[in-house]
Amino acid sequence: MFNKISDRIYIQPPEHYTDRPNIGLIKGERYTLMFDAGNSGANVAELKNRLESQGLPQPDFLVVSHWHWDHTFGMHRWSAVTIAGKETNSQLQKMAQWKWDDESMAKRLETGEDIVFCDEMIKREYQDRNLIKVVPADMEFDGSMIIDLGGVTCHLVHIRGPHSSDAIGCYIPEEKFIFLGDSNGKDLYGKPWHFDIEHEEDFMDETAKIPYDDDLVKEYLSVLDTFDFDRCIGGHADIMTKEELYSIFR
Ligand SMILES: [Zn+2]
């Protein structure tokens with residue numbers, strides 16, 4: 001169910017069992033933009049149904065926050081124009097060639113191209129991994145891009161941050177709101193950490209041990225400082241005030 005945040009912003013909360021992130025919907029007078037794609041065709045089918053049953057429009061534009069599977073693997077099932085940052089898109093082009101049999105997935109864990117947490121969650125989301133389809137976006141941008149939806153604008157900005165170097169945010173100045181994707185999170189790919197699906201309850205404790213990269217955080221906050229916002233939301237959490245976001249890094 002998409003929760004109404006304002007007349008122009010709706011958010012489908014995250015679904016942690018298969019690591020589905022929150023999905024943002026920004027509704028203008030002429031167009032609707034969705035922020036993040038869902039992690040599978042099944043996820044997208046549910047999202048489409050929820051929009052329909054809630055009387056909300058289907059998106060005209062679909063923007064992905066960064067390349068991680070949980071934010072992008074639903075892309076192929078939307079009929080919207082899909083948009084990604086340049087760095088995200090080159091990674092999606094690479095991943096479109098990946099194979100999803102046990103051997104190929106195990107190999108990517110060895111090379112560090114993927115991590116145990118995502119590997120397990122992908123297997124849980126997809127009973128049939130033949131259904132996995134990765135596609136690059138229809139449009140890519142380098143740096144920033146503004147989309148006027150009619151009475152409300154989405155400023156797509158490459159904000160980087162400590163989680164993933166390709167991360168983009170969606171800043172909506174008329175609402176003083178930013179969708180951060182996972183950009184404020186830890187880098188789960190950079191340093192080894194322990195995940196055991198039999199002990200999912202340890203997830204928060206284990207990820208808490210991963211250090212933030214201070215230089216990346218500093219650079220990230222200097223980018224965020226340029227936006228006039230009151231509230232924001234990360235990819236798998238609740239809405240925060242600006243103050244709450246900054247306090248994470250103190
Ligand atoms: Zn991520």
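A nonpolar core, as used here, is a set of buried Ala, Val, Leu, Ile, Met, Phe, Trp, Tyr and Cys residues joined through C-beta atoms within 7 Å. Keep that handy for the exercises below, and remember that you're working with a predicted model.

**Exercise 1. The core**

Find out which residues of the largest nonpolar core touch the most other members, and list what Ile-172 is in contact with beyond its neighbours within four places in sequence.

Solution.
- Step 1: start with the core itself. It holds 44 residues, and the ones touching the most other members are Ile-26, Leu-33, Val-63, Cys-154, Cys-170 and Ile-172.
- Step 2: pick Ile-172 and drop anything within four places of it in the sequence. What's left is Ile-9, Ile-26, Val-152, Thr-153, Cys-154 and Phe-177.
- Step 3: look for other cores. Another one, of five residues, lies apart from the 44-residue core, and its members include Trp-69, Phe-117, Met-121 and Ile-122.

**Exercise 2. The six-stranded sheet**

Work out the strand order of the open sheet of six strands, then explain why β8 and β13 each have one side without a neighbour in the sheet.

Solution.
- Step 1: read across the sheet. The order is β8-β9-β10-β11-β12-β13, and the pairing is mixed.
- Step 2: check the edges. β8 (144–148) and β13 (239–241) each have a single partner strand, so one side of each is left without a neighbour in the sheet.
- Step 3: add the twist, which averages 20° from one strand to the next.

**Exercise 3. Walking from β8 to β11**

Take the strands pair by pair: how many bridges join β8 to β9, β9 to β10, and β10 to β11?

Solution.
- Step 1: β8 and β9 (residues 153–158) run antiparallel and share five bridges. One bridge pair to look up is Ile-147 with Cys-154 in β9. Four residues sit between the strands of this hairpin, and Gly-150 there has a positive phi near 100°.
- Step 2: β9 and β10 are also antiparallel, with four bridges. His-155 has Tyr-171 of β10 as its bridge partner.
- Step 3: between β10 (residues 168–172) and β11 (residues 177–181) there are three bridges, again antiparallel. Here Cys-170 is matched with Phe-179 in β11.
- Step 4: link back to the core. Cys-154 and Cys-170, which turned up as bridge partners, are also among the residues touching the most other core members.

**Exercise 4. Buried or exposed?**

Decide whether Gln-97 and Glu-103 are buried or exposed, and say where each one sits.

Solution.
- Step 1: recall the cut-off you need. A residue with 12 or fewer other C-beta atoms within 10 Å is exposed.
- Step 2: Gln-97 has 7 such atoms, so it is exposed. Its place is the loop between α3 (86–95) and α4 (102–111). From its C-alpha atom to that of Ala-84, 13 residues away along the chain, the separation is 18 Å.
- Step 3: Glu-103 also has 7 C-beta neighbours inside 10 Å and therefore counts as exposed. This residue belongs to helix α4. Its C-alpha lies 24 Å from that of Pro-136, which is 33 residues away in sequence.

**Exercise 5. The whole chain**

Explain why the protein is as compact as a globular protein of its length.

Solution.
- Step 1: count the elements: eight helices and 13 strands.
- Step 2: compare radii. The radius of gyration is 17 Å, close to the 18 Å from the globule rule for 250 residues, so the protein is as compact as a globular one of that length.
- Step 3: fill in the rest. The C-alpha box is roughly 50 × 40 × 35 Å along the principal axes, and 37% of the 250 residues count as buried. Of the contacts between residues at least 6 apart in sequence, 60% join residues at least 24 apart.

Conventions:
Residues numbered from 1 in each chain as written. Predicted model: local features only at pLDDT ≥ 70, side-chain atom pairs only at ≥ 80, totals over all residues. Buried ≥ 20, exposed ≤ 12 C-beta atoms within 10 Å, placed from the backbone. Contact = placed C-beta atoms within 7 Å. Pairing = 2+ DSSP bridges. Helix = DSSP H or I, 4+ residues; strand = E, 2+ residues; numbered from the N terminus. Axes fitted to C-alpha atoms, helices over the stretch in contact; angles between N-to-C directions. Rg over C-alpha atoms; globule rule 2.2 N^0.38 Å.
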